[in-house]
Amino acid sequence: LQGIFVLGLPYALLHSGYSGLLLIVLAAALCCYTGKILIACLYEENEDGQLIRVRDTYEDIAKACCKKLSPSLGGVVVNVTQVVELIMTCILYLVVSGNLLSHSFPHVPVTEKTWSVIAFVTLLPCIFIRTLKIVSKLSQLCSLVHFVIIFVVITYCLTQIHQWSWAKFRLSLEFEDFLVSVGVIIFSYTSQIFLPTLEGNMKNPGEFRCMLNWTHFFACILKTTFALTAFLTWGEKTKEVITDNLPSFLETLVNLCLLTKALLSYPLPFFAATEIVYSCISKDNHSNYRSPLLALTVRGSFLLLTLLMAMFTPHFALLMGLSGSVTGAAMTFLLPSLFHLKLKWKKLSFLEKCADISVFILGFLCSLAGVVCSIKGLLEVF
């Protein structure tokens, strides 16, 4: 999903001007910070002052925070939020795949929804994915394809360096357009849903903070370079998805790369969503949890659900924006900062408390603004 958002960064700069460059850096710092405090909530100090991992998932953190109010309430809220966001992400990949295939082969008499079904067929092997190792291999391939896309676009932009001009940046901003830019930039960094599982599967979990620092640093450099070179090349003609600005022969090549990326990206949110459902089922019936037939049924049901919603949900982009504004902001800003304050309040310094409260307020404002814009768009459509 981050790769798809990255393609919208030049368009975000069109509507945010110089402030967009600052936002790209600020979003990297904020998302890196919330990732760290979320993982900190997994640990507690023992009698010797050593940090011990006492929780394994986002759900465990929520349960610990809501222990006095209701032991299961926090877990239910987090699980529902995670599953909704992950399912919507999977659906988005199918919608994007159908759109890319339709644009790559415009002369083939096939509708966009039919192309989505064809893309769905290639994803059927996801039913048999049982471990994170397979997902990690697919994610590696996805990253390689992502770098190919970025390389092609930046290389073409560098050939047009003679027409670059800083005068293309806007000084005056329209508030609603600026909010769209904020959403695109912030959610190009979100990964908090996957962090507890990722940290738990690392060979050296002690290197997690260092890994998070470097990945966000390089992501910030790459995204700034990409957005800046693309915007300086096309200026006011910059389109929502930057590949639409490319010459036709390059556009087809990049669209096919994007299709590959979308299909390779699908297994990660799909695997994460099914794992959450498995963990819930296992609490009620341990024997059925291990049943291969049940595992295939759950995965198959998830696959079919994503296809049906991609095919029949009207105005999916607006609904995605609405759910993303609620679930995305909650999982990225609201819950990590709230949980960190709840679990670590006595051990936090004054500045750390101020930082967490500031992140919470910022996340709330971003969520509220996104919800208002999405509902306004839905009302205009209907």
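Guide: A residue is called exposed when its relative accessible area is over 50%, buried when that area is under 20%, and partly exposed in between. The structure shown above is a predicted model.

Visitor: Is lysine 346 buried or exposed?
Guide: Lysine 346 sits in the loop that runs between helix H15 (316-344) and helix H16 (350-381). Its relative accessibility is 84%, and the cut-off for the outermost class is over 50%. Lysine 346 therefore counts as exposed.

Visitor: Which residues form a positive surface patch?
Guide: Lysine 346, found in the loop between H15 and H16, is one of the members of this patch. The patch as a whole consists of Lys67, Lys68, Lys342 and Lys346.

Visitor: Which residue forms a salt bridge with lysine 347?
Guide: Lysine 347 is exposed, at 54% relative accessibility, while the other residue of the pair is partly exposed, at 46%. The closest N and O atoms of the salt bridge are 3.9 Å apart, and a salt bridge requires such atoms to be within 4 Å. The residue that completes the pair is glutamate 45.

Visitor: How many residues apart in sequence are the parts that lysine 347 and glutamate 45 tie together?
Guide: These two residues form a salt bridge. Lysine 347 belongs to the loop between H15 and H16, whereas glutamate 45 belongs to strand E1 (residues 43-45), so the parts tied together are separated in sequence by 302 residues.

Visitor: How far apart are the closest N and O atoms of the salt bridge between glutamate 199 and arginine 53?
Guide: Glutamate 199 is buried, with a relative accessible area of 2%, and arginine 53 is partly exposed, at 25%. In this salt bridge, the distance between the closest N and O atoms is 2.9 Å.

Visitor: Which helix holds both glutamate 59 and lysine 63?
Guide: Glutamate 59 forms a salt bridge with lysine 63, with 3.3 Å between the closest N and O atoms. Glutamate 59 is buried, at 8% relative accessible area, but lysine 63 is partly exposed, at 28%. The two residues are four residues apart, about one turn of the helix, and both lie in helix H4 (residues 58-65).

Visitor: Which residues are linked in a network of salt bridges?
Guide: The count of salt bridges in this model comes to six. A network of such bridges links Glu44, Arg55 and Lys344.

Visitor: Is serine 97 buried or exposed?
Guide: Serine 97 is part of helix H5 (residues 73-104). A polar atom of its side chain lies 2.7 Å from the backbone oxygen of tyrosine 93. The relative accessible area of serine 97 is 1%, and the limit for the innermost class is under 20%. Serine 97 is therefore buried.

Visitor: What is the approximate area of the nonpolar surface patch?
Guide: The patch is made by Ile357, Ile361, Phe364, Leu365, Leu368 and Val372. Among them, leucine 365 lies in helix H16 and is partly exposed, with a relative accessible area of 49%. The area of the patch is about 550 Å².

Visitor: What distance separates the C-alpha atoms of cysteine 354 and leucine 341?
Guide: Cysteine 354 is also found in helix H16, and it counts as partly exposed at 30% relative accessibility. Along the chain, cysteine 354 and leucine 341 are 13 residues apart. Their C-alpha atoms are separated by 9.9 Å.

Technical notes: Residues numbered from 1 in each chain as written. Predicted model: local features only at pLDDT ≥ 70, side-chain atom pairs only at ≥ 80, totals over all residues. Heavy atoms only, no water. Patch = residues over 30% accessible without salt bridge, like charges linked within 9 Å, V, L, I, M, F, W, Y side chains within 5 Å. Areas by Shrake-Rupley, 256 points an atom, 1.4 Å probe, with all protein chains shown as cover. Salt bridge = Lys/Arg side-chain N within 4 Å of Asp/Glu carboxyl O. Lys, Arg positive; Asp, Glu negative; His and termini not counted. Charge placed at Lys NZ, Arg CZ, Asp CG, Glu CD. Buried < 20%, exposed > 50% of the residue type's maximum accessible area, 1.4 Å probe, protein only. Polar contact = N/O pair within 3.5 Å; in protein donor to acceptor, adjacent residues only side chain to side chain.
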